[in-house]
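Me: I'd like to practise reading sheets, helix packing and odd backbone angles on a real example. Can we walk through one together?

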Amino acid sequence: MTATVAVGEGSEWAVETRGLTKRFGSNVAVSGVDLRIPRGCAFGYLGPNGAGKTTLIRVLLGLTQADAGSMWLLGQPVPQHRDLALARVGAIVDEPRFHAHLTGRQNLQVLAAAREPAARGRIEAALERVGILHRADDRVSKYSMGMRQRLGVAACLIGDPQLLILDEPMNGLDPAGMHEMRDMIRALVGEGRTVVLSSHLLDEVERTCDAVAIVDRGNVIRQGPISELLAGAAVTLQVDCSEPRRAGALLAETNLPVTVAIEENGLAVTLAGGEPRDVIAEIARILISGNISVWRLQLVQTSLESWFLQITSRLGED
Amino acid sequence: MTLRPEAGMTAPADPPTPARDHRGSPLPTRAMIATRFMELRRRRGLMITLILVTIGIPTVFLGARLLLHALAPKTYGPAGGYDIYTGLSAGILYTFGFIVAATLGCTAGSVDLTEGMFRHLVVTGRSRIAIYLARIPAGLAIIVPLVAIGFGIVCAVCVYAAPTTLNLNGLHVPAGLSRAQLETWAGDHAEDVLCHLPSENVPVNLPCGPGTTGPGTVIGKNPPANLPTPSPRQLRTAAVRVADQNWTFYQRQFRYPSNTLMIKTGLWLELETTVGFLVGLGVASLLGQRTVAVVGMIVLEVIITPIVLRVRIPHLENLQRSVLGVATAHLEPGELPLAFGGGGRDFRLTESTTTAVCVILAWAIGWTIIGAWRMSTRDA
C-alpha cells in the first residue's frame, strides 16, 4: 500500500519557531527565538559574526538539539516528524564539503540514495541548473570554492525542496557567479519555493530577499519585509548650503527630531522614523529665514546595510 | 513584529511527500548501501593497501617460493604444503586481516564526519542509525571477499604445490600410507628411519651419515654397552618397530590441509575480519576520527593481545578473557599453530567456548551499538 502526505498542509509558515533556545555551556547561542518565515519568499537571515545564525539553522535541521522551545518546518513539528519535514528541505550549512575523492555526480548519488528513489533522477537537472554539468565527472578535489557552493545547491535541489536553507551561499563566488546565484534564488522563489538565505553580504540580501530577520547575540531583534523595515528606519537629508556651521546651530536650537552633522559643503541631517515631509519643509524654512543659501536638499534612503549597522549592538561597541 | 505572508507570495500546492520511503526507519536501503560501497571502493589508497595486505603479501610470498622451487628444486622446497598453510593463515592473514579490516572500519566510521558529508546526509531526514548501519554491509562487501581471495590463493598454492612426501624430522616419507605400508616402507629404508625418527627402547648401533646424528651414533635410549653392529635383518626389524612407534605422529602429518581444515580456517578468518571491521567502525564513530582509532586497533592486536594471551595476571584473568584476541584464539581451528599472538593450541589462558562466543558477540554488538548511539546523538 502506498500513501502520500502533503507536507505541512494548512500551515502558512515555512519555518516557525517559538522560544527556541540553544546553549553551549554558559554561552547562549540562540535565545528564545520566535521566528516566522512565510512560504514562497526569499528570506534573509542576517547577523554579525557569532550572532547565532548558523546555530539556529543547525537546530532547525536537527544537526544539533535545541535546549528549549519548539519549531515547525513546513508545518511539521521537529524533531517529532523530522523525517517528513526534511523530506522537502534542502540545506547548505557552513561551507559545503563533500567526499573529495568522488566526482560531483557521485557525491550527489550518495545523497540521493538517502532521499526518496526519485531523487537520483533529478541529479542531471540539478547539475545543469547550477551550471556544473560539464564538470560533474571531475573529482570534487579539483573544484574551486565557488563550484563546491554550486554543488551544494545542487545537493539541495535533488530533493525537490519546498524550503531551501542556504548558509552563506555567495561565499567563494565571483561577481558573475553571485549574479547567477541571485537569479537562481529568485527563480526558485518564482517556482513557489521558500529560500532562507543566511548571509552577511547585506547588499546581496537586499537585492535578493523579500523579507529579513536580524539576529544579534542569539536574539531576533527585527523581522519583516525589507520595505516595511526600512520604512521605519532613519533617513538622512543631505543639505548643501552656505555657512554650514551657522545652519547647524540654527537647527540645533529647534525642537525638530533630527540629528545634525556638519560637513564641508553642508549638513547631514538624520531624520528619525522614515520620511517626514513636514520636517523637511520646516528645515528648509528655518534655513531660508536665517538667510542661508540652500542649493540642494536630497533625501538619502537608508540601505539595509546602514540600517543593519544602526540596530545591531556591535555598532555601539565599535 | 510579526511577518505575514504577502499577497502574491502564496506557495503553490505542496507536492506529495513520499511518506512511505521509510526515511525514518533505522534500516538502510539498498541504494544507501550501494553508494556507501562505491564511496569506500573509490578510495584508491585505502583499496591498494587492503589488496596489498590481504592478497599481495600471500601472493608475493607464494609466488617467490613457486619461482625458486621451479628454478632450483633441490635447493628450495615446494611452495605449498601444510606448514606453509598454517604459517600464512594463522600468521599473516590472521593478524593483518584483522588490522586492515579494522582500518576499513575506522575509515567507514569517520570519513563522513571528517569530510563534512555527515551533515548533508542528516539533512536528508534519513535516520542517523540507517546512515550508520549502511556502512556495515558496504564495508563487509569489500573486506570479506578480499580476505577470501587472499585465503583462496593460499589454499590453492598450498594444495596444488604441496610436497609429494611428508617431512618427518627431515625424513621424506610417502604420504597416505597405512600402518602396514608404513612399516614395509620403513623396513625398506631402515637406516634412514633409524637415523631420523625418534624411538623408544630400540637399541641399535648404527653409524648415521652426515646431516643426521653423525657416524657411529647409538640409536635408542640407554643402549647396552658394547652393542654389536646389527645385521640387515636386525636393522629392518628395528626400523619396523620405530615406524610402528611413530605411526600416531605420522597420522597427524599432512602434505596439505584438509578440506575441513580449510573451511574452518576460512570461516575463522572471516569471523576475525568481520569483528575487526565492526569494532573499528564503532571506535571511529565514537571518536569521530580515524587516526587514533586505527592506532588503537593496531595496538590492541599487535601488542595487547599477545601479552594478554601469554601472561597470566593473577586476579585479572576474567579481564584477560574479555580481550577480543583471546576469545578469537579460542575458536581457532585446533590444527593451526600459535602465531603472532593470534591464537593457537598452547595459549595459557583457558576459557570455555561459550565464554569466547559471548566475548566476541559482546565486542561486535557492543561497539555497533556504541557507534550507532554516538552517530545518533553527536552534533553534525
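Reply: Sure, and keep in mind that this is a predicted model. Let's begin with a sheet in chain A: an open one of 6 strands, ordered S7-S8-S9-S4-S10-S11, with mixed pairing.

Me: Which strands stand at the edges of that sheet?

Reply: In chain A those are S7 (89-92) and S11; each has a single partner strand, so one side of each lacks a neighbour in the sheet. Going from one strand to the next, the twist averages 15 degrees.

Me: How should I read the pairing itself?

Reply: The general idea is that strands of a sheet pair through backbone hydrogen bonds, in either a parallel or an antiparallel way. Here you get both cases. S4 (residues 42-46) and S9 (residues 194-199) of chain A pair in the parallel sense over 5 bridges, and Ala42(A) sits opposite Val195(A) in S9(A). S10 (residues 211-216) and S11 (residues 219-225) of chain A, on the other hand, are antiparallel, over 6 bridges. There, Val212(A) is opposite Gly224(A) in S11(A).

Me: How many residues lie between S10(A) and S11(A) in their hairpin?

Reply: The hairpin has 2 residues between its strands. Look at Arg217(A) in the turn, which has a positive phi of about 50 degrees.

Me: What's the general rule that I should hold that phi against?

Reply: Most residues other than glycine have a negative phi, and most peptide bonds are trans. Arg217(A) isn't a glycine, yet its phi is positive. You'll find Arg217(A) in the loop between S10 and S11 of chain A. Another spot to check is Asn291(A), which follows H10(A) and has a positive phi, near 60 degrees. As for that helix, H10 (residues 277-289) of chain A has 13 residues and spans 18 Å from first C-alpha to last, close to the 18 Å expected at 1.5 Å a residue.

Me: Where is there a cis peptide bond?

Reply: Go to the bond from Val78(A) to Pro79(A): it is cis, with omega near 15 degrees. Pro79(A) belongs to the loop between S6 and H2 (82-86) of chain A.

Me: S6(A) wasn't in the sheet we started with. What sheet is that strand in?

Reply: S6 is part of an open sheet of 4 strands in chain A, in the order S3-S2-S5-S6, and the pairing is antiparallel. The edge strands are S3 (27-38) and S6 (76-78) of chain A, each pairing on one side only. The twist from one strand to the next averages 25 degrees. Within this sheet, S2 (residues 13-24) of chain A and S3(A) share 8 bridges in the antiparallel sense, with Leu35(A) in S3(A) as the bridge partner of Thr17(A).

Me: Which helices lie across strands of these sheets?

Reply: One of them is H6 (residues 175-190) of chain A: it lies across S4, S8 (163-167) and S9 of chain A, at about 150 degrees to S9(A). Another is H1 (residues 53-60) of chain A, lying across S2, S3 and S5 (68-73) of chain A and running at about 70 degrees to S3(A).

Me: Let's turn to chain B. How do I read one helix packed on another?

Reply: Take the angle and the axis distance, then the handedness, then the residues in contact. H1 (residues 30-41) and H6 (residues 135-160) of chain B pack at about 50 degrees, with axes 8 Å apart. That angle makes H1(B) oblique to H6(B). The crossing is right-handed. On the H1(B) side the contact includes Ile33(B), Phe37(B) and Leu40(B), while H6(B) brings residues including Pro137(B), Ala138(B) and Ile142(B). Sorted by class, the residues of this contact are 7 nonpolar, 1 polar and 3 charged.

Me: What angle do H3(B) and H6(B) make?

Reply: The axes of H3 (residues 82-114) of chain B and H6(B) cross at roughly 165 degrees and come within 10 Å. An angle over 145 degrees counts as roughly antiparallel, so H3(B) is roughly antiparallel to H6(B). This crossing is right-handed. Among the residues in contact are Leu88(B), Leu93(B) and Val100(B) of H3(B), and Ile143(B), Val147(B) and Phe151(B) of H6(B). The class count here is 14 nonpolar, 6 polar and 1 charged.

Me: What about a hairpin in chain B?

Reply: Try S2 (residues 165-168) and S3 (residues 171-174) of chain B, which pair in the antiparallel sense over 4 bridges. Leu168(B) is opposite Leu171(B) in S3(B). With 2 residues between the strands, this hairpin has Asn169(B) at a positive phi near 50 degrees.

Methods
Residues numbered from 1 in each chain as written. Chains lettered and ligands numbered in written order. Predicted model: local features only at pLDDT ≥ 70, side-chain atom pairs only at ≥ 80, totals over all residues. Expected span 1.5 Å × (residues − 1). Pairing = 2+ DSSP bridges. Axes fitted to C-alpha atoms, helices over the stretch in contact; angles between N-to-C directions. Parallel < 35°, antiparallel > 145°, perpendicular 65-115°, else oblique. Left-handed = near helix turned anticlockwise from the far one by under 90°. Contact = placed C-beta atoms within 7 Å. Nonpolar A, V, L, I, M, F, W, Y, C, P; charged D, E, K, R; others polar.
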